[in-house]
Amino acid sequence: MHMSNFDRRHLRYFIAVAEELHFGNAARRVHISQPPLSQQIAALETDLGVQLFVRTKRKVEITAAGQQFLKDARAILADMDKAALRARATAMGQTGVLRIGLNYSSPISPMLSALFRRFAKLYPQVGLELHENTSAKQLDRLYQRTLDACFVWPTRDESSPDLAVYPLSKDELQLVVAREHPIARKARFSAADLRDQTIFLTLRQTRMDFYGALLKACSKAGFEPTVRTDLIQLPFIMNVAAARQGVAFIPKFFNRIRPEGTVFRTCNFLPQTARLMPLSLACRANNPSTLVQNFIAVAKKASGS
């Protein structure tokens, strides 16, 4: 037997003899007969080049070298147990680090707050690295394997066969205007009230059924809307609306952080289904990571999907 061949069994045999100081008792403890146990201990001593025990017909005594080896053997077994526990925890997705991408507006969603609280409660040993960027750039990082999953609004890349996309919530788009704006003072407003208004949209909103419905409503009212899509961050767009530089369509949950002097209005002239903006969780298709699968399961439960 060489040092490289040590395993838990050899260490257990030695510890049993060291603690019992009796080969018969130790053999019963480790469930083998006494002769093989004596042979294993003798081979261990030969391999180490030291005497671990002093044997007489009446008793067994542990040597100073044996005492030191006992401390080390116990530490080695404890480390092996910890390593096994860590390996099992990792395999079950109970420890490790998840790299999650957030677009600029999704952190404000109350659904995400509930999701992260639930995940932290269920998997307290899992670390979350959160990275903020646009939905398109988050998907790029997903392909580059620098993210494990990301939250995205609608993009052109969602239909890729390399992606698994899980719809989580649909938030209503409402019109944000300054409090002094004529629309804010009306009980109901129509598409005609958007004539001569600059409408701020994000590029992702132009890829939704919402945009087609908006263009149709404006066309029916006899005009083509003036649309700007060069601004990205919704909080900034709300402040532009507050300054009466235009109006904007913003998810309803942003009402929680709306700037002073702004009003959220429901666009009843658009079909309700067109007003819903889906937030999805995307990850690489066929990802075998238990960590990722656990996160997906918690996300689905938090969203009620």
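This briefing walks through a pocket, a strand and some ring pairs in the structure above. Keep in mind that this is a predicted model. Strand 11 (276-284) is a good place to start, since it turns up twice: it helps line the second largest pocket, and it pairs with strand 5 and with strand 6. After that come the aromatic rings, which form eleven pairs in the structure.

**The second largest pocket**

- The second largest pocket holds about 170 Å³ of space.
- Ten residues line this pocket, and the closest to its centre are Met208, Asp209, Thr273, Leu276 and Pro278.
- Helix 7 (209-220), helix 9 (272-275) and strand 11 (276-284) are the elements that each give two or more residues to the lining.
- Sort the lining by class and you get six nonpolar residues, three charged ones and one polar one.

**Strand 11 and its partners**

- Strand 11 is mostly covered, with seven of its nine residues buried.
- Strand 5 (residues 149-152) runs antiparallel to strand 11, and four bridges join the two.
- If you want a spot to look at between strands 5 and 11, try Cys150, whose bridge partner in strand 11 is Ala282.
- Strand 6 (residues 163-178) also pairs with strand 11 in the antiparallel sense, this time over nine bridges.
- Over here, a bridge to look up is the one from Pro167 to its partner Ser280 in strand 11.

**Rings around Phe53**

- Phe14 and Phe53 make one of the eleven aromatic pairs, a tilted one with 5.6 Å centre to centre and 45° between the planes.
- That pair links distant parts of the chain: Phe14 sits in helix 1 (residues 8-20) and Phe53 in strand 1 (residues 53-55), 39 residues apart.
- Phe14 and Phe53 are both buried.
- Phe53 also pairs with Phe23: their ring centres are 6.4 Å apart and their planes meet at 70°, so this pair counts as edge-to-face, the label for planes over 60 degrees apart.
- Phe23 belongs to helix 2 (residues 23-30) and Phe53 to strand 1, so this pair ties together parts that lie 30 residues apart in sequence.
- Phe23 has 7% relative accessibility, so it counts as buried, given that the cut-off is under 20%.
- Phe53 has a relative accessible area of 0%, so it is buried too.

**A ring cluster elsewhere**

- Phe116, Phe119, Tyr123, Phe151 and Phe295 are linked into a cluster by ring pairs.

Terms used
Residues are numbered from 1 along each chain as its sequence is written. This is a predicted model: local features need pLDDT of at least 70, side-chain atom pairs count only at pLDDT 80 or more; totals for chains, interfaces and linings use all residues. Side-chain values use heavy atoms; hydrogens and water are left out. On a 1 Å grid over the protein atoms alone, a cavity is a set of points where a 1.4 Å probe fits but cannot get out, and a pocket is an open set with protein on both sides within 12 Å along at least five of seven lines; lining residues have an atom within 4 Å of a point. Grid points are joined across faces, edges and corners, and a volume is the space filled by probe spheres set on the points. Ala, Val, Leu, Ile, Met, Phe, Trp, Tyr, Cys and Pro count as nonpolar, Asp, Glu, Lys and Arg as charged, and the others, Gly among them, as polar. Buried means under 20% relative accessible area, exposed over 50%, partly exposed in between (1.4 Å probe, protein chains only). Two strands pair if DSSP finds at least two bridges between them. Rings of Phe, Tyr and Trp (its six-membered ring) pair if their centres lie within 6.5 Å; planes under 30 degrees apart count as stacked, over 60 as edge-to-face and the rest as tilted.
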